[in-house]
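Trainee: Could you take me through one part of this model slowly? I would like a close look at the place where the two chains meet.

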Amino acid sequence: MHDGSGRIVVQNLTKQFGPVTAVQNLSFTVEPGSVTGFLGPNGAGKTTTLRMLLGLVSPTAGFATINGSPFGRLGQPGRVVGAVLEAQGFHPKRTARNHLKVYASAVGVPDQRADQVLQLVGLGSAGDRKVGGYSLGMKQRLALATALLGDPQVLVLDEPANGLDPEGIAWLRTFLQSYARSGRTVLISSHLLAEVEQTVDQVVIISRGQTMYYGPLDHLRQSQQSRVIVQPSDVGALVTALRAEGVQAIEQLPDGRLAVAGVTSKYIADAALKAGVSVYGMQEEQIDLERLFFQLTSGQYAAPGYPGTGYYVQQQPPQQGGWA
Amino acid sequence: MGLMGNLLQSEFRKTITTGLWWGLMIPTVLLAFGWGLGTGFLGKGFVDLASQSDVEQLSDIFGITPDQWRVSLFGIARSINVATIFPMIFGGLAIANEINRRTITTTFLTSSSRGAALSAKMLVYILWGAIFGLAIVLSVALGVILSSDSSQLPDASGWLALATAGLVASVLMTMFGVGVGALMTSVVGTTVVLLLYMLLVENGLSLVLSINGLEQVIGFLPNGSVNGITGSVAADLFMSSAGVVPDELQLALRYMAGAGGAFDWWLSGLIFLSWTAIAFVGGWAATARKDIT
Ligand SMILES: Nc1ncnc2c1ncn2[C@@H]1O[C@H](COP(=O)(O)OP(=O)(O)O)[C@@H](O)[C@H]1O
Ligand SMILES: [Mg+2]
């Protein structure tokens, strides 16, 4: 039924909820042996994509496979893929242990497995408490325990850090890395790069339902570039001058200054002089990863013509990394 | 254990790991027992009244004296019908609760297909319908036996027929609930709709139909057909022991048994099964395609 490869393939996936296009022509693959981060701001379409991958939402177009097979044809999906999803529920009156036993039967593993995964996620002593009394973090742990019941080859987690304390996050990080290192596939979504930066090897960055970058995180790191912050006398004139010279990566900062990437400060000074614009101040700045992530995804909120934010935002593609 | 066996065990565990089953079982038993007891007393009182000389012509109608009328039959059928409301609600919550609590996500993530998960659920609830049915029949019997004279009670084969009809009715009511719950997907909606319809709406409708001489239609309605299962068995049993019963009285007897306008018990069962199938297929179609977000 499935090829056992541990590979996740998302191919031209599109989902339309009435007038809302949640996911648009999304494609990427996730290979086993590494932790892949699935990143994008709120509303970017992460949850919808993962739910389509897991057969919970039917795509409007395109397809997604796990181990070469759509979810519905995995046969015993619980043995192949485990998932921790947002808004995945528990019956408040059921104890954690009973919850796990219910799904242990469905997955087809012995009841002892329920105790094992309870211990594994650190809920061993709370197993006989009703889930209604659990904190958000405990529920996240229980969701992970449920996902691990079938000892799956592929693990999919949708914003699993939500509700976890720092200790829990650190634990999850170590756990996921060792899980991937044993040759399995881990796909983890987040709206914060910083949250998963130390966990993931690969990233898929999406914005407004479309892939913005997909490839190794290291390539993204290497592509970090410097930018120049400049305070001109006439913002509009300098922007026009720079764009006339083919400079696209111009962004207006909230304080009114311009951030220009891809060119030196000397270049900007010359351009300003030619355009007859005075420069009151200029400084070079290294763009950090978070900044880059924001740039890649800011299109969602800082689209050209959108009032209030920089008007000239253009995505500057990183030099390396696979582009979708 | 095969895949289906796994899902059956999983679905059964779901039902016994929350308090809902006994939360509904207690009122079921109490109601069934209370109705059995109450209708037993009523029947007995009626027979005592009828045995007084001034209504003696009644006994001529049946060809036997009132102290031999098996009046408890009517109460038994009615009590069973009332008590099966609870297994129906139990079934109604099966899928609605999972959607409401969002456990349906995990259920679908751990089953080979949505169809398999829904089938396993239905099978488990059929079993629960039978368990509730058994509890109902036993509770009603206890109540009736305590309050009736032995001459008013059914004979062994009568008991067997009524118990079977009660079990069938309870199973079907549970399945009907499962279907409606799958269709409505809301816990409150399902409960309110099931209760309102079965207890009020259809009874009002039946009254209107009877007044207008359209009582045959009642037998086609959900409540009319499911009540017809036990009601027809009870009415048939009464008449078979009462000798010759005039036609116009037969109708009155069937109304008394809760089988007014209803067909034979097996036909009533088939009609109600069709309603169950409609609800379940509709619910299945809705659940099988639904985006779980
Ligand atoms: N069931 C739904 N009906 C309508 N719109 C939806 C539904 N689910 C998600 N959306 C919309 O799809 C977009 C993507 O949502 P989502 O996949 O949850 O994003 P993310 O997980 O990245 O925050 C959002 O605009 C959201 O409002
Ligand atoms: Mg989300």
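Mentor: Happy to help; what follows is a walk across the contact between the chains, with a short stop at a few other spots afterwards. Please keep in mind that this is a predicted model.

Let's begin with who takes part. Chain A brings 34 residues to the contact, and chain B brings 27 residues. The size of an interface is often given as the accessible area lost when the parts come together. Here chain A and chain B bury about 2600 Å² between them, and 55% of that area is on carbon and sulfur atoms. On the side of chain A, the residues that lose the most area to chain B are Leu56(A), Tyr103(A) and Ser105(A); together they make up 22% of what that side buries.

Now for the links across the boundary. There are two salt bridges between chain A and chain B. In one of them, Arg13(B) pairs with Asp111(A), and their closest N and O atoms are 2.7 Å apart. Polar contacts join in as well: 15 residue pairs, with both partners at pLDDT 80 or more, are in polar contact between the two chains.

Which elements of chain A supply this side? Those that give two or more residues to it are β1 (8–17), α2 (77–80) and α3. The most comes from α3(A), with seven residues. Sorted by class, the side of chain A that touches chain B has 15 nonpolar, 13 polar and six charged residues.

While you have chain A in view, look for the magnesium ion (ligand 2). Thr47(A), through OG1, and Glu86(A), through OE, coordinate this ion at 2.0 to 2.6 Å. The pair links distant parts of the chain, 39 residues apart: Thr47(A) sits in helix α1 (residues 46–53), whereas Glu86(A) sits in the loop between β5 (81–84) and α3 (96–107). Thr47(A) is partly exposed, at a relative accessible area of 23%, and Glu86(A) is also partly exposed, at 31%.

Finally, two backbone details. Most residues other than glycine have a negative phi. Asn67(A), however, has a positive phi near 55°. This residue lies in the loop between β4 (61–66) and α2 of chain A, and it counts as buried because its relative accessible area is 0%. In chain B, Arg102(B) has a positive phi of about 65°. Arg102(B) belongs to the loop between α5 (85–100) and α6 (104–109), and with 36% relative accessibility it is partly exposed.

Methods
Residues are numbered from 1 along each chain as its sequence is written. Chains are lettered from A and ligands numbered from 1 in the order in which they are written. This is a predicted model: local features need pLDDT of at least 70, side-chain atom pairs count only at pLDDT 80 or more; totals for chains, interfaces and linings use all residues. Side-chain values use heavy atoms; hydrogens and water are left out. Donors are N, O and S atoms within 2.8 Å of the metal (3.2 Å for Na, K and Ca); water is not among the atoms, so sites may look incomplete. Helices (H or I, at least four residues) and strands (E, at least two) are DSSP runs, numbered from the N terminus. Buried means under 20% relative accessible area, exposed over 50%, partly exposed in between (1.4 Å probe, protein chains only). Contact means heavy atoms within 4.5 Å. Buried area is the accessible area (1.4 Å probe) that two parts lose on being put together, summed over both. A salt bridge is a side-chain nitrogen of Lys or Arg within 4 Å of a carboxyl oxygen of Asp or Glu. A polar contact is a pair of N or O atoms within 3.5 Å; within protein, one must be able to donate a hydrogen and the other to accept it, and residues adjacent in sequence count only if both atoms are side-chain atoms. Ala, Val, Leu, Ile, Met, Phe, Trp, Tyr, Cys and Pro count as nonpolar, Asp, Glu, Lys and Arg as charged, and the others, Gly among them, as polar.
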